[in-house]
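Okay, thanks everyone for coming. I'll put the structure up now, and then we'll go through what touches what.

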Number of protein chains: 2
Amino acid sequence: MSNQTIPLDAETKAIEMPDDHRDELRLWLRLLTCSTLIEGEVRRRLRDRFDVTLPRFDLMAQLDKVPGGMTLSDLSKRMMVSNGNLTSLVDRLVASGHIERRVSATDRRAQIIKLTPAGRTEFRTMAAEHEAWIAEIFGGLTQKEHKDLMRLLAKTKLSARNAIMGVAP
Amino acid sequence: MSNQTIPLDAETKAIEMPDDHRDELRLWLRLLTCSTLIEGEVRRRLRDRFDVTLPRFDLMAQLDKVPGGMTLSDLSKRMMVSNGNLTSLVDRLVASGHIERRVSATDRRAQIIKLTPAGRTEFRTMAAEHEAWIAEIFGGLTQKEHKDLMRLLAKTKLSARNAIMGVAP
DNA sequence: CACAATTATTTTAAGCATAAAATAATTGCA
DNA sequence: TGCAATTATTTTATGCTTAAAATAATTGTG
């Protein structure tokens, strides 16, 4: 009996799921749903509370880390967005008084941009609230779950990187 | 001795981390990184292999589930994007021959859109490869890790929903 | 030194996304 | 029936995003 059930199961599998990747797809969709859900809420709150978009917030977050400011190229590498993207984003943040640009003293092609004092103050206020929102959103997880999720996501990231870049980086 | 260390620790904590939410922030950034990394790779492959964008792929995926097609409003609810967004997206997919639109027989305001036979065939080819990509990307996780991550993301989603909508849905 | 290659940034063209206003058709109800 | 409210879609204005081409300055090398 058991010597029949084994090939039968294998065949059934082969017919019903010629190459079953639906579980991975479900996992990906769940990850994406979480991410989209949270990101959307963050965008909404940033807009409602501070009338700021996420890209502007992200840009200011990068500048806040480096008091002396940095060039557009540095910023584009850190933010992992295209150079052209930053041009207009920076323009708008300069117009609203959050950041300032000046031509580099040593390289006339380059511009150093940095937060204005007002921009820094406003960013810090927003960042503090933002942190509290995130804590609230993840508040339903226990410390252990938090830790486990952290580890599993680290492993997911590695797995994805391997698939993307090939096994050798 | 122990009756002194307890208040001291509490005070130290209060000074160093007036409200420490940095761990949650790290968790969120890791989740976002994973999601962005994978989504970017999927976009890249869809473009390189099939010259299609993710929004177009997503739209066709929805239509593939419902052979009879659906209205723009239904589609916008399913895809969770704005109605206005779909207008141009649908226009382009009609222009490329992937989908077709016809005015509803019962409601002259509404349009039913559905995949053309060619659109369906092309989508199925893309979807099969897409599934394999995802399986490859998550291939570094064991079955147990897969299962654990699934569960933790489900819990994260619930936690986020509670934070977003308040405890009562 | 000259000039080719590189680097920093901007511009352009196209697509995706939203919110809000406009248009058009249907439905409910007095 | 008539007309107000609702529903389906499109349009408009704005912003984010990219890739690719253009512009401008610097650097390395013969």
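So, look at Glu145(B) and Lys155(A): they form a salt bridge, with the closest N and O atoms 2.9 Å apart. Keep in mind that this is a predicted model. Between chain B and chain A the count is four salt bridges, and there are 13 residue pairs in polar contact, both partners at pLDDT 80 or more.

Which helix of chain B gives the most to the side that touches chain A? That's helix 2, with 18 residues. Helix 6 (117-137) and helix 7 (143-165) of chain B each supply at least two residues as well. By class, that side of chain B has 22 nonpolar, nine polar and 17 charged residues.

How much do the two chains bury between them? About 5,200 Å², with 74% of it on carbon and sulfur atoms. On the chain B side, Leu27(B), Trp28(B) and Arg30(B) lose the most area to chain A, together 13% of what that side buries.

Now over to the DNA. Strand D is surrounded by 23 residues, and Ser82(A), Arg92(A), Ser73(B), Arg109(B) and Gln111(B) are the closest. Of the strand D atoms within 4 Å of the protein, 73% belong to sugar or phosphate.

A few phosphate contacts to zoom in on: a polar side-chain atom of Thr53(A) sits 3.0 Å from a phosphate oxygen of strand D. For Asn85(A), a side-chain N or O atom is 3.1 Å from a phosphate oxygen. With Leu72(B), a polar backbone atom is 3.4 Å from one. And helix 5 of chain A gives the largest share of the surface near strand D, four residues.

Technical notes
Residues numbered from 1 in each chain as written. Chains lettered and ligands numbered in written order. Predicted model: local features only at pLDDT ≥ 70, side-chain atom pairs only at ≥ 80, totals over all residues. Heavy atoms only, no water. Near = heavy atom within 4 Å. Polar contact = N/O pair within 3.5 Å; in protein donor to acceptor, adjacent residues only side chain to side chain. Buried area = accessible area lost by both parts, 1.4 Å probe. Salt bridge = Lys/Arg side-chain N within 4 Å of Asp/Glu carboxyl O. Nonpolar A, V, L, I, M, F, W, Y, C, P; charged D, E, K, R; others polar.
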